Amino acid sequence: MPKFHVIVGPESAPVYPGVRKIGPADLKEVLAKGVDDFFAMPSSLVFLGMIYPIVGVFLAGYALPLLFPLMAGFALVGPFAGIGLYEISRCRELGLETSWAHAFGVVRSHSIFSILSLGLLLLVIFAGWEFAAQSLYVALFGTTPPDSITQFITNIFDTPQGWKLIAYGTAIGFVFAVVALSISVVSFPLLLDRDVEVPVAVLTSIKAVWVNPFTMALWGLIVATMLAIGFLLLFVGLAVVVPILAHSSWHLYRKVVEPVSPV
């Protein structure tokens, strides 16, 4: 029976993968590879990517004051949400057959329980961010929701409280984003690719950010910008943006984490 290492690893000491130093040129390359993966089979990827716009529109309709925090929250849980698309990139990299069904093949991964446990951690971070954003909004505007999106936009951009919300919200969101990026930028692809523990995957991800602070900050900015464009296109743009970012994240993992040394 296979032995799954979710929190406690095997009896031997864990082996931490090596981490490379990369630069902006490498980000350009991984984005190009992500676009190539997307166009190799766009119909299935758009089908999967449409999940996110649908959820986004639903949430926006029922939680207007939390619209911007929800948009930002997509970036926090994105590494977990894109796990099926990593699997498609992995299969294509190996020359295997790829289709939308392969995105669900991740449930048979040897690390599925580790992936789910780390995904739960990201959801906790997401919930913490939403709670902080809601508390800040209530502190500045009270509990009465805006009557319309026009009033909501006016409150945000034409009142002193609105500018405070933008300033404080950006600062708080930055902290959550740094934490989420640090623990997840390569951890999910690593769990999918190798039989490692969650702590090993998380520490490898943190090391990747520590070794490449500027490049990873640039990557976070790229992710945030592309997601913002997707949202500005009435969420439909996410059907393209999310798959491209997910595939690019797989190739970023390949760039940053050194391969297993031959025995």
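Helices, in the sense used here, are DSSP runs of H or I that span at least four residues and are numbered from the N terminus. In this predicted model, the pattern read along the sequence is α-α-α-α-α-α-α-α-α-α-α-α, and the secondary structure accordingly amounts to twelve helices and zero strands. Of the 263 residues in the chain, 48% are buried, while the accessible surface comes to about 13600 Å², with 73% of that area belonging to carbon and sulfur atoms. Among the contacts with a separation of 6 or more, 78% are made by residues 24 or more positions apart.

The largest nonpolar core contains 59 residues, of which W219, L227, L252 and V256 touch the most other members. Helix α12 (residues 238-256) supplies the largest share of this core, namely ten residues. When neighbours within four places in sequence are left aside, W219 is in contact with L27, V30, L31, L181, V185, L245, S248, S249 and L252. A second core, separate from the one just described, consists of five residues, including L136, Y137, F152 and L165.

On the surface, F68, I149, I153, F157 and W163 make a nonpolar patch of about 530 Å², to which helix α7 (residues 149-157) contributes the largest share, with three residues. One of the patch residues, I153, is found in helix α7 and has a relative accessible area of 41%; I153 is therefore classed as partly exposed, given that this class lies between the limits of under 20% for buried and over 50% for exposed residues.

Methods: Residues numbered from 1 in each chain as written. Predicted model: local features only at pLDDT ≥ 70, side-chain atom pairs only at ≥ 80, totals over all residues. Heavy atoms only, no water. Patch = residues over 30% accessible without salt bridge, like charges linked within 9 Å, V, L, I, M, F, W, Y side chains within 5 Å. Areas by Shrake-Rupley, 256 points an atom, 1.4 Å probe, with all protein chains shown as cover. Salt bridge = Lys/Arg side-chain N within 4 Å of Asp/Glu carboxyl O. Helix = DSSP H or I, 4+ residues; strand = E, 2+ residues; numbered from the N terminus. Buried < 20%, exposed > 50% of the residue type's maximum accessible area, 1.4 Å probe, protein only. Core = buried A, V, L, I, M, F, W, Y, C linked by side-chain atoms within 4.5 Å. Contact = heavy atoms within 4.5 Å.
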